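Here is a short report on one protein, written to be read beside its sequence and fold. Keep both in view as you go.

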Amino acid sequence: MGDSTVVSDQQPPGPSQTTPSRGPYIAVITNRNTNLVIRGFMLFSIGVFLALVLNLLQVQRNVTLFPPDVISSIFSSAWWVPPCCGTASAMIGLLYPCIDSRLGEPHKFKREWSSVMRCVAVFVGINHASAKVDFANNVQLSLTLAALSIGLWWTFDRSRSGFGLGVVIALLATLSTQLLVYNGVFQYTSPDFLYIRSWLPCIFFAGVITMGNIGRQLALLHPPAL
């Protein structure tokens, strides 16, 4: 009798019982597809907003010039710039936690929203410096922005996967920008490196690290305790 009681108490869970889900989900949303769509939409929206604000700084400073016939918003930005930046932001933000999971190295360095917001502020500051601060020459400006971008990675990321993805995506984004400029879609004032400004890869790198941090934070399983 005692043995039969023990066996009956250890029956496997039935169809109505579910085991705790594991994976990168936002708070209590446990459906993988729903969670992915929500995170993607949030990342896309953040990317669009940052593109509008940061492009406004560049246009006001005459760093980038768009043909008059493609200017179609109050932020003096070509219509395709915010959607492209939003799409890239969503892809980067979803890719970072996916790579962490594949490598079996969950990123745990400074995993709180206050750190993510500081990262965003530093990224905006780096972009602002590229448009507003006057340097003696472009080499000095590029070296300064490169140091600031690497400092952003060291302060808010410090993962090898984050650095590697940042470099690769920054190079691909720079190549894409060169192709756009070469085909006359837009242009840079005073280009000093193959149709573009030499500091542009630094801005892309900082942007990738920033969106990667946002994506990682959104992918946390449980929200931080209040």
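Among contacts in the protein between residues at least 6 apart in sequence, what percentage join residues at least 24 apart? The figure is 74%. Note that this is a predicted model.

**Overall layout**

The protein has seven helices and two strands. From the N terminus on, the order is α-α-β-α-α-α-α-β-α. Of its 226 residues, 38% count as buried. The accessible surface is about 13,100 Å². Carbon and sulfur atoms account for 67% of that surface.

**Two helices in numbers**

Helices 3 and 7 can be set side by side.

| Helix | Residue count | Span, first to last C-alpha | Expected span |
|---|---|---|---|
| Helix 3 | 23 residues | 33 Å | 33 Å |
| Helix 7 | 19 residues | 27 Å | 27 Å |

Helix 3 covers residues 81-103. Its buried residues are Val81, Pro82, Gly86, Ser89, Ala90, Ile92, Gly93, Tyr96, Pro97 and Asp100. In an α-helix, residues three or four places apart point the same way, because there are 3.6 residues a turn. Gly86, Ser89, Gly93, Tyr96 and Asp100 are among the buried residues of helix 3. After helix 3 comes Gly104, with a positive phi near 70°.

Helix 7 is mostly covered. Of its 19 residues, 17 are buried.

**The core**

Nonpolar side chains tend to be buried together in soluble globular proteins. Here, the largest nonpolar core holds 37 residues. Phe123, Leu145, Leu152 and Ile214 have the most contacts inside this core. Six elements are listed as giving it two or more residues: helix 2 (32-60), helix 3, helix 4 (113-132), helix 5 (138-156), helix 6 and helix 7 (200-218). Which of them gives the largest share? Helix 7 does, with ten residues.

Leu152 shows what such a core residue touches. Leaving aside neighbours within four places in sequence, Leu152 contacts Cys119, Val122, Phe123 and Ile126. Leu152 also contacts Asp157, Ala206, Ile209 and Thr210.

**Helix 5 and the loop after it**

Ser142 is in helix 5. Is Ser142 buried or exposed? Its relative accessibility is 12%, and the cut-off for buried is under 20%, so Ser142 counts as buried. Not counting residues up to four places away in sequence, Ser142 touches Ser198, Trp199 and Cys202.

Arg158 sits in the loop between helix 5 and helix 6. Arg158 has a positive phi of about 65°, although it is not a glycine. Its relative accessible area is 40%, so Arg158 is partly exposed.

**A nonpolar patch on the surface**

Not every nonpolar side chain mentioned here belongs to the core story; some form a patch on the surface. The members are Ile150, Phe163, Val167 and Leu171. Together they have about 320 Å² of accessible area. Which helix gives the most to the patch? Helix 6 (residues 160-182) does, with three residues.

Val167 is in helix 6. What is the relative accessibility of Val167? The value is 31%, so Val167 counts as partly exposed. Patch members need over 30% relative accessible area.

**In short**

Helix 7 is mostly covered and gives the largest share of the core. Helix 6 gives two or more residues to the core and the most to the surface patch.

Notes:
Residues are numbered from 1 along each chain as its sequence is written. This is a predicted model: local features need pLDDT of at least 70, side-chain atom pairs count only at pLDDT 80 or more; totals for chains, interfaces and linings use all residues. Side-chain values use heavy atoms; hydrogens and water are left out. Helices (H or I, at least four residues) and strands (E, at least two) are DSSP runs, numbered from the N terminus. The expected span of a helix is 1.5 Å times one less than its number of residues. Buried means under 20% relative accessible area, exposed over 50%, partly exposed in between (1.4 Å probe, protein chains only). Patches are made of residues with over 30% relative accessible area and no salt bridge: like charges are joined within 9 Å, nonpolar side chains (Val, Leu, Ile, Met, Phe, Trp, Tyr) within 5 Å. Accessible areas come from the Shrake-Rupley method with a 1.4 Å probe; for residues, only the protein chains shown count as cover. A salt bridge is a side-chain nitrogen of Lys or Arg within 4 Å of a carboxyl oxygen of Asp or Glu. A nonpolar core is a set of buried Ala, Val, Leu, Ile, Met, Phe, Trp, Tyr and Cys residues joined through side-chain atoms within 4.5 Å. Contact means heavy atoms within 4.5 Å.
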